[in-house]
Every structure is written in C-alpha cells, then in structure tokens.
Amino acid sequence: MAQTVLARPESDGKTVGHGSDMRGVTGASGTPMIVVRDLRKRYGETQAVDGISFEVAAGEVFGLLGHNGAGKTTTIRMLTGRTKPSSGSAAIAGLDVVSDRDRLKPLINLVFEDQNLYERFSGRDNLRIFAELYGASSGRVDELLTLVNLMDGAKKPVKTYSTGMKQRLLIARALVNKPRVLFLDEPTRGLDPTSARDLRELVANLSAGGTTVFLTTHYMEEADELCHRVAFLSRGTIVALDTPRELKLRFGERTAKVLLRDRTEATIRLDDPADAERLAGWVRADQILTMHSQEGTLEDVFINLAGRPL
C-alpha cells in the first residue's frame, strides 16, 4: 500500500503545539532532526524493515505504531546505532547513524520497555552513577528528580518504587545528557492510569522545551493525544504517515449517535447514502431528540490500513 505523506511546508521557526498540524515541520534552521531514507533491515530470510522513509522535526513527538513484529523496535535499534541497517540511510542532527555513531551517542538517549534499574540503590544513586558516566554536573541529579517529581522518594531503594515511579526514573536517567532526541519504546505499558497520565504530561513538556521525542506505543489514544504525527508500520513497511487528525478524517468512518423521540438509539454512518437518507427522514419527521457526531479513531484507521487491530 502506498505511503501517505503530506508535503512539508516552509518553516517559520515558530513553536508548534500539540494537536497542531506538523506535516514534517522543521526547526528554525529548516533542517529536520531525523531523516530516514529507504531504510531496510534483514535477519536471514526475514525482512524486518522494508524500505521506510520519513523525516521528524525538531521538537516533534513522532509516533511509530504497529503490531508486535512490525519492525518498530528494529527501527529504533537502527536509529540509535545498536544495529546496522542492511541498506538505506538515516541521520539524526545531521549525523549518520552508522558512520557518525560515536559522535551521535551524546545527542540521543533511549528508554527501553524493560525497566533495567539498580534496584538496591536509591533513585538518587541511580541517577548519580549515570551523571558521572556522562560527565554531567552534580546539580543535574536534583534537577532531574524535580522534573520527574521523585524528590520525595529520592533516598528510597528503587525496589520499593511503584512501576510508575520506576518509569519516571528511567526517563530522568535518559535525560541526564540533555539529549536532542529521546526514544521511548512503549513507555506507558503496564502503568496505572494516573502514572500513564503523568508520563504523557512529561513527554508533552519535553517536546514543548524543544526535545524531539520518537515514540512507539500500542495505545492509540495515547498516540492521538501526544503525537504531532504518526506512522503506521505493517510488515516492515509504512502504510500511512500523517497527523492523527488527517488520518482519522481520511481513513476513519464518520458516524453519528442519534436518540429518537421514542427513546430508541441508532448509529448512522455519515458517508453511507442509505444512512444519510434515514437521517434526513428523521429530521423531516422531527423525530430526533439528540445527535452527536464523531470522527473515526486511530484504531479504526489502523484496522482499515493494516487489516487487523493492535
């Protein structure tokens, strides 16, 4: 299926808020933060990633969505220099992810799905170790603990932390080097609703501060809320790439919930001629008490494009 990508307009250097149309908007310099061209990765007979191309703007939250095995983690591994592409190219901040790998490392960081922390150490000590490795100042530790709201638990062993606290500590650890690009692989998996909400707010604030966030998630509502643009990955290929709103309008099914005077309810498909005629008949007969229209969801779009739900 053809990749759906909108053309990139000229940038005016302004900050673009969440929910705005990013459409490949670049930073003030006019250069995308991430550029991927025909990237491929093969493991033996398996084509994990099959010729994907896209750009990500500075400060953008970019979502890569797909089933398990679609190629999301492989893509992140290539972009972060953990595995070499079989062919194609990728660059971050103008640095090639293969030939400039050592120069690129200080500019990026990654939060894995697995919570690989030193459980017997305190939260503060976990951050202190990585601050020393990155050559960050001692004040950076308290700055990060405050940022992720962990100062109250800073001296407690990490093994006493909740799952949400551990995830916030992982993000704090990944921010020690003030990365220009932060990769998040399923960051809210397994979190309770409150912890997930707090983490989404943190991601939004990082983006507003200029950090580019590359996100994978199975939660379509999360992608809809956070991401300026999303790419749907199916069998290693991008089948659509656009803002959540445009994807829902283009591929989602527009419906309306109708409550009639006899208290019966009906769901009308607004793009279906037969349903449109039913609706017109109810209007003429003054039978409608309430009606609420709704656009399609990203889950609907993904099913339409990828053939099955996440």
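The legends below accompany close-up views of a predicted model of a single chain.

**View 1. Overview of the chain and its secondary structure.** In this predicted model, the chain folds into ten helices and 13 strands. Of its 310 residues, 47% count as buried, and the chain exposes about 15,300 Å², of which carbon and sulfur atoms supply 47%. When contacts in the chain between residues at least 6 apart in sequence are considered, 67% of them join residues at least 24 apart.

**View 2. The largest nonpolar core, with Leu 184 and a second core.** In soluble globular proteins, nonpolar side chains tend to be buried together. The largest nonpolar core in the chain holds 47 residues, and the members that touch the most other members are Leu 184 and Phe 232. Helix α6, spanning residues 193-208, gives the most to this core, contributing six residues. A second core, separate from this one and made up of 28 residues, includes Phe 54, Met 78, Val 97 and Ile 108. When its neighbours within four places in sequence are left aside, Leu 184 is in contact with Val 111, Ile 171, Val 203, Val 213, Phe 214, Leu 215 and Thr 216.

**View 3. Helix α1 and the glycine that follows.** Six of the eight residues of helix α1, which covers residues 72-79, are buried, so this helix is largely enclosed by the rest of the structure. The buried residues of α1 are Lys 72, Thr 74, Thr 75, Ile 76, Met 78 and Leu 79, and Met 78 is also listed among the residues of the second nonpolar core. Just after α1, Gly 81 takes a positive phi of about 80°.

**View 4. Packing of helix α3 against helix α5.** Two packed helices are described by the angle between their axes and the distance between the axes. For helix α3 (residues 123-134) and helix α5 (residues 163-174), the axes come within 9 Å and cross at roughly 20°. Because angles under 35 degrees count as roughly parallel, α3 is roughly parallel to α5, and the crossing of the two helices is right-handed. On the α3 side, Gly 123, Asn 126, Leu 127 and Phe 130 meet Leu 169, Ala 172 and Arg 173 of α5.

**View 5. Packing of helix α3 against helix α4.** Helix α3 also packs with helix α4 (residues 139-147), here at an angle of about 130° and with the axes 9 Å apart. The pair α3 and α4 is therefore oblique, and its crossing is right-handed. The residues Arg 124, Leu 127, Arg 128 and Ala 131 of α3 meet Val 141, Asp 142, Leu 144 and Leu 145 of α4; Leu 127 is also one of the α3 residues that meet α5.

**View 6. Packing of helix α8 against helix α10, with Leu 247.** Helix α8 (residues 244-251) packs with helix α10 (residues 298-306) at an angle of about 60°, and their axes are 9 Å apart. These two helices are therefore oblique to each other, and α8 passes α10 in a left-handed crossing. From α8, Pro 244, Leu 247, Lys 248 and Phe 251 meet Leu 298, Val 301, Asn 304 and Leu 305 in α10. Leu 247, which lies in α8, is buried, with a relative accessible area of 1%. Not counting residues up to four places away in sequence, Leu 247 touches Val 230, Phe 232, Ala 240, Asp 242, Gly 252, Leu 298 and Val 301, and Phe 232 is one of the two residues that touch the most other members of the largest nonpolar core. The C-alpha atoms of Leu 247 and Phe 302 are separated by 9.2 Å, although these residues are 55 residues apart along the chain.

**View 7. Two residues other than glycine with positive phi.** Most residues other than glycine have a negative phi. Asp 38, however, has a positive phi of about 50°; Asp 38 lies in strand β1 (residues 34-43) and counts as partly exposed, at 35% relative accessibility. Arg 235, which is likewise not a glycine, has a positive phi of about 55°. Arg 235 lies in the loop between β9 (229-234) and β10 (237-242), and is exposed, with a relative accessible area of 65%.

Technical notes
Residues are numbered from 1 along each chain as its sequence is written. This is a predicted model: local features need pLDDT of at least 70, side-chain atom pairs count only at pLDDT 80 or more; totals for chains, interfaces and linings use all residues. Side-chain values use heavy atoms; hydrogens and water are left out. Helices (H or I, at least four residues) and strands (E, at least two) are DSSP runs, numbered from the N terminus. Buried means under 20% relative accessible area, exposed over 50%, partly exposed in between (1.4 Å probe, protein chains only). Contact means heavy atoms within 4.5 Å. Accessible areas come from the Shrake-Rupley method with a 1.4 Å probe; for residues, only the protein chains shown count as cover. A nonpolar core is a set of buried Ala, Val, Leu, Ile, Met, Phe, Trp, Tyr and Cys residues joined through side-chain atoms within 4.5 Å. Axes are lines fitted to C-alpha atoms, for helices over the stretch in contact, and angles run from 0 to 180 degrees between N-to-C directions. Angles under 35 degrees count as roughly parallel, over 145 as roughly antiparallel, 65 to 115 as roughly perpendicular and the rest as oblique. A crossing is left-handed if the near helix is turned anticlockwise from the far one by less than a right angle, and right-handed if clockwise.
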